[in-house]
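Please look over the model shown below. Keep it open as you read.

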Amino acid sequence: MAKIRKKIKTIKIKADQCNGCRACEVVCSAFHASPPYSSVNPARSRIRVIRYPLDDIWVPVFAGEYAFAECMGRDKYVIDGKEYEECAFCRAVCPSRDVFKEPDSGLPLRCDMCEGEDQPLCVQQCLNDVLIFEEREEEVEEQAYPQELEVSVDTLVDKYGLDKLYDVVARRAMLDKAS
Amino acid sequence: MRYAETGCNLEIDLVTGNIERIETNPEYLELFLGGLGTNVKELWDRVPPETKPFDPENLLIFAAGLLCGTPAFSCNRTVVSTVSPQNELLAYPMMGGFWAAELKYAGYDKVILRNKSPNLVYIWINNDKVEIRDASHLQGKGALETQELIKAELKQPNAHVAAIGLAGENRVFTASIEQGRSSCSRLGGGAVMGDKRVKAIAVRGTKDIYLARGTEFMEHMKEIKNYINFRNENPLPGVMTILSGIGSPQEMKHTDEKWHTENFAWGNARTRRKGFWTEEIEKSWTETQLSAIKRLISCFNCPQQCGALISYKDVPRYMMKCFSKLTYAMGAYVDDLDFSFKIVQKAQEYGVDAFSTPQIMAFAVELKEAGILTDKDFAGCPSDNQGRFHWLLDRIVRREGIGDLLADGTYYAAQRIGGGAEKFAHNTIKKHEQLPLKLGMMDPLYYLMYSTNEKISITQVEGNFPQAAFPTKEAREEFIKDWIQVPDNRFKQYLLEWEPRGENANPYFPTPEMSCEIVDWMEMLHNIDDALGFCAGMGSFCLKPPYHIHNYPKLISAATGMDIDEAGLRKTVRRSRNLHRAFNIRRGMRRADEKPPDDHWKRRFPEYEESLLDTYYEFKGWNQEGIPTKETLLELDLGYVAEDLEQRGILKDGQNTEENQNHQN
């Protein structure tokens, strides 16, 4: 099986060092404005600092993928006696909550690691080194996709039977030729 | 399209409940920038000199600085402005924190409160939706407690709340307005808020603010960011720790308090405690401080760590900054820092100014010791220093018994107590308690700043020029090498020539002319900071700051699209300063009010001091009563001010007043 190299981008978050200033939110929203830096609005930021000062909670979290549906249940962490808000560490943009959505349209926001910049802007702007950008390459087996296809075909066969699947694939192939 | 500013103010009439979103005059940006500059304009236009602090017509303005909410680091100040109950002049207590930016994101540059609410209320600003809500359930609640209760009640953990405590509700003249780790403390803004029956203003905003030339703005910020990093990595050599860095004094980070504890005058600005900082004290204070501080924290969009979350023994958690760590303990002559971390929590909940209040309490103790106040006045008061301060604080914020007199500050309390109490109110300027400092040799720079500045509080006036001459020529040469902040290179020469002793030392050096220029520079920077919303700790209040006269115009131009150069910026803040002064002049402030406390320095030079003031007034374009001349006002497009002052007979034949001619005779 062939090996491929994959780029992994990570932002290491040293939450204990965060002084809660939200410079990351400010610069993120400015960078992603169109055109860049034409406006500022932390509510549009793809990073948010969960901030409960008196509880000593300052945790920067990045926006992840859009989720069509809520999870079946929610989590709530208590670490070192600090109770974090529901789904605090989840990065998903999900129907259960308002975070990581454009304040006016409700469209989901997602961290893109500021593609094209040397480092994500939030990392550059955090002068207390709470956010550390790390990039590495990993070698991975190039088998993920075929395997996935096998699984999918198996599922379809299970559900509809092999004959029906033949029919559909044949019909598709003819349509494809015709067009 | 409006850039950097939102272009809208929120006008709230507390008696009718009418709330309006008013578009502001775009020309005011050019004329006054924003923040303090435009606050002064509102007050000049709308609050006549007849209006008393607790009249319904007095305005209480909460303003965000012009660049608050932009990506400019450390630009987060809320400037509250009103007529002060303490001296009936313009008060502008300011705070950092998160409130100003949130207000901008909600779509407003200012909240302007007028009249008085019949009942205790709080105001909830959620973008375009603004409500006046009942606050009867919050009556008597602490200022910090109130913030948490309101956020919980509104289910808005991301809202920011500015609130008063019991002191504000009871119109204590030293009442503050508290918000998170910050507070507007000086000159009684909290008392006016309490008088208007407004317990708090909560704000949440999710709107955009616009930058005219954002990419250019960020290019300038990149340079500034590099300089902040450079300064944080390279503290200045040759000055005491507290002056070596940037940001407001790093009182939570530094544990070495030898300089403050031994050089300030403690109690009621009375005793310099030479030899206080023993090894034993150092050990115990360091241990106490480190055990109390849970985390170092900052204000909105600021990389510095001037504040701290305090988690100390069984004291409810709170946030501390700056000088309150020292003022209560040293004011009470309690040598255990443990006392500070306890009483400051209580004082913040009550919402009182941490400069004035401990001095007022120490003043009461002095009066008791002098037999002017009696056992009857102190009935029920514990006899130990700690217990006494707690007891006095409780009385003051409730205006109970002797506390009712003390709640007006040392000046009025002394007047009302009488019997010789007046000479114990020895540390006020314009009726306002000052830093507890008593020094030896008169210093011309400080003489001018103390006497004349509109802030009426030295910490917000001084800053960019070193506080004292460097001992050696080498140290001076070293210091000026990379002194990029100077408005003009001649300031480097002044510093080079300034020596700790001899002919080129205080009081005659810097010369009156040099002193005027230096003071003018420092005041100008403060006025710029206060209009833009920058923390003085990153601009006007420290040595070699990241922001200065050379980069401010670039930032303002890129943010607003209004091209302004150094000369233009100087003129703009000169305009607002002169309008500010005219506002105070119209309320009766004159030359006679412009003087430091008699005992501020041991060695005084009355005639020389008068000539310093003469020189300064002339330098500023003011007559010998400290009133801006017609010529000055016209040059600054303030013809309407000249006209008003003339109509009132304050300014005659355009230049000099009759009083002034008398003075010269």
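The paragraphs below go from the chain contact to the domains, then to one helix and one strand.

This is a predicted model, in which local features need pLDDT of at least 70, side-chain atom pairs count only at pLDDT 80 or more, and totals for chains, interfaces and linings use all residues. Residues are numbered from 1 along each chain as its sequence is written, and chains are lettered from A and ligands numbered from 1 in the order in which they are written.

Start where the chains meet. Chain B places 33 residues in contact with 23 residues of chain A (contact: C-beta atoms, placed from the backbone, within 7 Å). On the chain B side, β14 (209-210), α7 (214-233) and β15 (293-297) each give two or more residues. These elements are DSSP runs numbered from the N terminus: helices are H or I with at least four residues, strands E with at least two. The most comes from α7(B), with six residues. By class, this side of chain B has 18 nonpolar, 10 polar and five charged residues. Here Ala, Val, Leu, Ile, Met, Phe, Trp, Tyr, Cys and Pro count as nonpolar, Asp, Glu, Lys and Arg as charged, and the others, Gly among them, as polar.

Strands also cross between the chains. β2 (residues 39-40) of chain A pairs with β14(B) in the antiparallel sense over two bridges (pairing needs at least two DSSP bridges). A:V40 has B:I209 as its bridge partner.

Now take chain B alone. Its assignment gives domain 1 (8-204), domain 2 (247-433) and domain 3 (439-664); such bounds come from an automatic or database domain assignment. The C-alpha centres of domains 1 and 2 of chain B are 26 Å apart. Their contact takes 34 residues from domain 1 and 32 residues from domain 2. On the domain 1 side, α4 (143-154) and α5 (166-169) of chain B each supply at least two residues. That side divides into 14 nonpolar, 16 polar and four charged residues.

Next, find helix α20 (residues 512-532) of chain B. In α20(B), 16 of the 21 residues are buried, so the helix is largely enclosed by the rest of the structure. Buried means 20 or more other C-beta atoms within 10 Å of the residue's own, with C-beta atoms placed from the backbone. B:G533 follows α20(B) and has a positive phi, near 95°.

Finish at strand β10 (residues 160-163) of chain B. B:H160 and B:A162 point one way, B:V161 and B:A163 the other, and all are buried. In a regular strand, side chains alternate between the two faces of the sheet. Four bridges join β10(B) to the antiparallel β13 (residues 198-204) of chain B. There, B:V161 has B:A202 as its bridge partner.

Methods. Contact = placed C-beta atoms within 7 Å. Buried ≥ 20, exposed ≤ 12 C-beta atoms within 10 Å, placed from the backbone.
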